[in-house]
Amino acid sequence: WAYSALAAPILAVNLRLGRDPRDMFFITNFLLVLVTLLAGIRLARASPDILPVLVLLFTGPLWLHLKWPGPEVLSTCMIFLALAALLTGRHAASSLFLAVGGLQNPSINLFQLILILWAAPSWLEMYRAGRGQLFRTLLRVFALPFCITLVPIVWSLRTFGALNPLVPFGAVSFSHVTMEKFVSVFLDLNQGLVIVCPPVSMLFAGLAGIRIFRAAKGGGVVRKRDLLLLGILLMAFPLTFQANWNPGEWIYMRYCTWLIVPVLFWCWQELGAIHRPFLPLPAMKTAVLAASFLLGWHYMANANSLMYHNMQHKPWVKAAWRVFPGFYDPVPQVFAERSTGKSGLPPDGDFAAWVSQDGVAGKMMVSAFSQAPLPDLVARACRDAGFASPLAAPSDLRAGHYWHLANAMNYYYVSGAFQCRPQRKAASFYSR
């Protein structure tokens, strides 16, 4: 809705000038980034935490989306502006930015709950002073954003008879929700938040560890900025409603682009609580900025060749599996599609397998309904991968696996329990 409306005038100008209509997406995204940069610099005068996050955000992977015909840039910019406005006490502006971002990704609207919790202490004082003043404030903060949020919902109800146009087609449903998919949003090594910005992810893990350590010693308390972490969880949960979890690398290429924004704000504020002897704060901030800049450059240089192959496992995943195949067990759809190069899960009773290029390591996902002996399945996996035959295969189906449940279907993961002969016969899509 919002992205299409913003791009429409630019499309009209392009057509009038005889330019390529597809340029409207790049121009729209570039203007969004420019406006956000200018607004962020202006808001940074009121809060010292805004400018560093602005630098981190716009020297990272966001630039990869400038030429994309999608709303990722819009969603990211809206969340950044909403959090910057929230930190400076502009609650009405924050709510408005969230509503506009929610037109493209409805889960962003859940961050309105964080806004309410964030502003609750000041609103409570306002209530004690007089209910009329509180009512006028809430009306000013939420009236327009609420109307904006209703636009796509009303349209979808009238057109499709559902709150979301994807519901009638089975693309989203509560039945698709699993805890594994929720964890996958953050920790999946093929497409999770952890690989969107590794330096920030490592910083986040370190800061969270320090907070837990301090809490264990009795010195940890919940701070206002921790509401940002709750907001990340709230926005991530609706993503698990999707049936298609791996196609198009949606998690990495779309959602994690704007999910990283609250993480950046939280990490930067948490850095202020760390003092010597850990590390001088200016040096730490400089290191994070430099790492983020180099990371953004690396991603831009390798975007086409490395990051966006949703039918292949990432290089670091294959390297890790070669040494320890059991250390990472992804959501079944992610493993099946990236291992076989085919869309969808294997049929009931069948399997999907990944075999290293030299055949010294293998990982297999077997349907719980499979009646075939495991040695036969291993032999098929080796042959499909272009090897002569397996060197070793267990006779017990439960050897070297753990039980995996997702999307109401059961699978066994068999990791590192077999090897194939190193003499390759032909290349195959199973060796990915």
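Let's start with helices α5 and α6, residues 91-102 and 112-129, in this predicted model. Their axes come within 11 Å and cross at roughly 170°. That angle makes α5 roughly antiparallel to α6, because anything over 145 degrees counts as such. Who meets whom here? On the α5 side we have His91, Ser94, Ser95, Leu98 and Ala99, and they meet Gln112, Leu115, Ala119, Ser122 and Trp123 of α6. By character, the residues of this contact divide into five nonpolar, five polar and no charged.

Keep Ala99 in mind for a moment. Alanine 99 and cysteine 147 are 48 residues apart in sequence, yet 8.9 Å apart in space, C-alpha to C-alpha. Cysteine 147 belongs to helix α7, residues 131-160. Is cysteine 147 buried, partly exposed or exposed? With a relative accessible area of 47%, cysteine 147 is partly exposed.

Let me step back to the chain as a whole. There are 15 helices and six strands. Of the 432 residues, 47% are buried. If you take the contacts with a separation of 6 or more, 70% of them link residues 24 or more positions apart.

Now, the inside. The largest nonpolar core has 85 residues. Which residues have the most contacts inside this core? They are Leu57, Phe80, Leu259, Ile260, Val261 and Phe265. Helix α11, residues 250-271, gives the core its largest share, 13 residues. Leucine 57 is a nice one to click on: leaving aside neighbours within four places in sequence, leucine 57 is in contact with Leu62, Thr76, Phe80, Ile260, Val261 and Leu264. Apart from this core lies another, of 16 residues, with Val378, Ala385, Phe387 and Cys420 among them.

A quick stop at serine 47, please. You will find serine 47 in the loop between α2 (23-43) and α3 (50-58). Its relative accessible area is 7%, so serine 47 counts as buried. Not counting residues up to four places away in sequence, serine 47 touches Leu87 and Thr88.

Next, helix α14, residues 332-340. How many of the nine residues of α14 are buried? Nine of the nine, so α14 is largely enclosed by the rest of the structure. The buried set includes Glu337 and Arg338, alongside Val334 and Phe335. Just after α14 comes glycine 341, with a positive phi of about 75°.

Last, the strands. Strand β1, residues 351-355, has five of its five residues buried, so β1 too is largely enclosed by the rest of the structure. In a regular strand, side chains alternate between the two faces of the sheet. In β1 both faces are covered: Phe351, Ala353 and Val355 lie on one side, Ala352 and Trp354 on the other, and all are buried.

And what about the partner of β1? Strand β2, residues 362-367, runs antiparallel to β1, and five bridges join the two. If you want a place to look, phenylalanine 351 has valine 366 in β2 as its bridge partner. β1 and β2 form a hairpin with six residues between them. In that turn, glycine 359 has a positive phi of about 80°.

That's my tour, thanks for listening!

Notes
Residues are numbered from 1 along each chain as its sequence is written. Side-chain values use heavy atoms; hydrogens and water are left out. Axes are lines fitted to C-alpha atoms, for helices over the stretch in contact, and angles run from 0 to 180 degrees between N-to-C directions. Helices (H or I, at least four residues) and strands (E, at least two) are DSSP runs, numbered from the N terminus. Angles under 35 degrees count as roughly parallel, over 145 as roughly antiparallel, 65 to 115 as roughly perpendicular and the rest as oblique. Contact means heavy atoms within 4.5 Å. Ala, Val, Leu, Ile, Met, Phe, Trp, Tyr, Cys and Pro count as nonpolar, Asp, Glu, Lys and Arg as charged, and the others, Gly among them, as polar. Buried means under 20% relative accessible area, exposed over 50%, partly exposed in between (1.4 Å probe, protein chains only). A nonpolar core is a set of buried Ala, Val, Leu, Ile, Met, Phe, Trp, Tyr and Cys residues joined through side-chain atoms within 4.5 Å. Two strands pair if DSSP finds at least two bridges between them.
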